[in-house]
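Me: I am new to this structure and would like to learn how to read it. Could you walk me through some of its features?

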Amino acid sequence: MNKLFFAMALLFVGMSVNAQHLGSEYRLKKVIPVAGRQGIAIDSNYYYVSDTKVLYKYDKQGNLVMKNDQPFQNPEIANHFGDIDIYNGEIYCGIEKFEYGRGYNIAVSIYDAETLKWKRDLPWSPESGQVEVSGLAVDREKNMVWMSDWVDSRYVYCYSLETGQYYTKMQCRPTPYWCQGIFIADGKMLFTSDDGEALYNIPDNIYVADISEVHFTGLQDGTEVVKETPFSVKLDKKGKPVMRKGKIAGGAKAGRVELFREMSDFRRAGEIEGLSIDPVNDDLVVLNNRGTLIVLGMSQGPFAEEGYTGEIHELYIYEKIK
């Protein structure tokens, strides 16, 4: 009986260490400067930070442990990391070739958390309608991975980790403006939302939506309009929309998006990026960039009149109050 009790206690401890839970109120605990400007993932011992073209590994005191500055298997077709996540000792990264407001060659690249080395890719389905990947999050309960789209933040896109195939997408209502990163806990998805400017010092926000019920829709044979951009359609010589036949998204979940937190306690509003929750203590950790002008998601130089000489990247670590 004592052995059974001990084994159950160990199981409970293991589950509690590896389960992230959302709070309703947070208090800023500390700020840690980092080298990366894109995403954050957390396991029991380390912070993993993505830069545009680099993966970093920090201890939780903010000391750099390791980096991989040549992470792309095919750098000619991929030049950009977004927000990241970690699951079962592997770092999940949304990668693409990003050029002034548009992403190409999207994939989910998976790296070993111990070495930061690439292991494998999951394929992307362009028929889903996704045109950029700003971040991704693993749903540990449902064994799925979701990707956000900065260019067209109306939707987030879901893939099955069991099959590696496209599963469904969720329409965000209302749309979180320029979604930069996502994270999933307790059947809810958090979104970081960048307001698209840094000049006016307006705070960015975090939003939340319930994803406890997600049904398979997949791809199906059908007809849809051909788009020139996410918000405009291609027209023929008679001015009518051009249609295409083939595989299209078979449906979508409707998601109700609500404000979770206004990030008014950043040292300066700039460009909010990725976020994560610490599996050890449920700290909410958010990456923010400050000090430079941002145009279409790319830094254009420092606010010299404010004393900045370059962009500053920081992890804001919030303890859960309740």
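Reply: Happy to help; we will take strands, sheets, one side chain and the cysteines in turn. First, this is a predicted model, in which local features need pLDDT of at least 70 and side-chain atom pairs count only at pLDDT 80 or more, while totals for chains, interfaces and linings use all residues. Residues are numbered from 1 along each chain as its sequence is written, and side-chain values use heavy atoms, with hydrogens and water left out.

Me: Thanks! How are strands and their pairing defined, and which strands pair with β7?

Reply: Strands are DSSP runs of E with at least two residues, numbered from the N terminus (helices are runs of H or I with at least four). Two strands pair if DSSP finds at least two bridges between them. Here, strand β6 (residues 80–87) pairs with β7 in the antiparallel sense, over six bridges. Within that pairing, I86 has I91 of β7 as its bridge partner. The two strands form a hairpin with two residues between them, and N88 in the turn has a positive phi of about 50 degrees. β7 also pairs with strand β8 (residues 103–112), again in the antiparallel sense, over eight bridges. There, G94 has V108 in β8 as its bridge partner.

Me: Is strand β7 largely enclosed or open, and why?

Reply: Burial is judged by relative accessible area: under 20% is buried, over 50% is exposed, and in between is partly exposed (1.4 Å probe, protein chains only). Strand β7 (residues 90–98) has eight of its nine residues buried, so the rest of the structure largely encloses it.

Me: How do I read an open sheet, and what stands at its edges?

Reply: Follow the strand order from one edge to the other. One open sheet has eight strands with mixed pairing, in the order β10-β11-β12-β13-β21-β16-β15-β14. Its edges are β10 (135–139) and β14 (179–185); each has a single partner strand, so one side of each lacks a neighbour in the sheet. From one strand to the next, the twist averages 30 degrees. Such angles run from 0 to 180 degrees between N-to-C directions, with axes fitted as lines to C-alpha atoms (for helices, over the stretch in contact). At the β10 edge, five bridges pair that strand with β11 (residues 144–148) in the antiparallel sense, and D139 has M144 in β11 as its bridge partner.

Me: Which other open sheet can I look at?

Reply: Try the sheet of four strands, ordered β2-β3-β4-β5 with antiparallel pairing. β2 (39–42) and β5 (64–68) are at its edges, each with a single partner strand, so one side of each has no neighbour in the sheet. Here the twist averages 20 degrees from strand to strand. β2 and strand β3 (residues 46–50) run antiparallel, joined by four bridges, and A41 stands opposite Y48 in β3.

Me: What does the side chain of E314 join in a polar contact?

Reply: A polar contact is a pair of N or O atoms within 3.5 Å; within protein, one must be able to donate a hydrogen and the other to accept it, and residues adjacent in sequence count only if both atoms are side-chain atoms. E314, found in strand β26 (residues 312–320), is joined to R267 by a side-chain polar contact of 2.9 Å. E314 counts as buried, at 3% relative accessibility.

Me: Finally, how many disulfides does the structure hold?

Reply: A disulfide is a pair of cysteine sulfur atoms within 2.5 Å, and the structure holds zero. For C158, the nearest cysteine sulfur is that of C172, 13 Å away. For C179, the nearest is also that of C172, 7.2 Å away.
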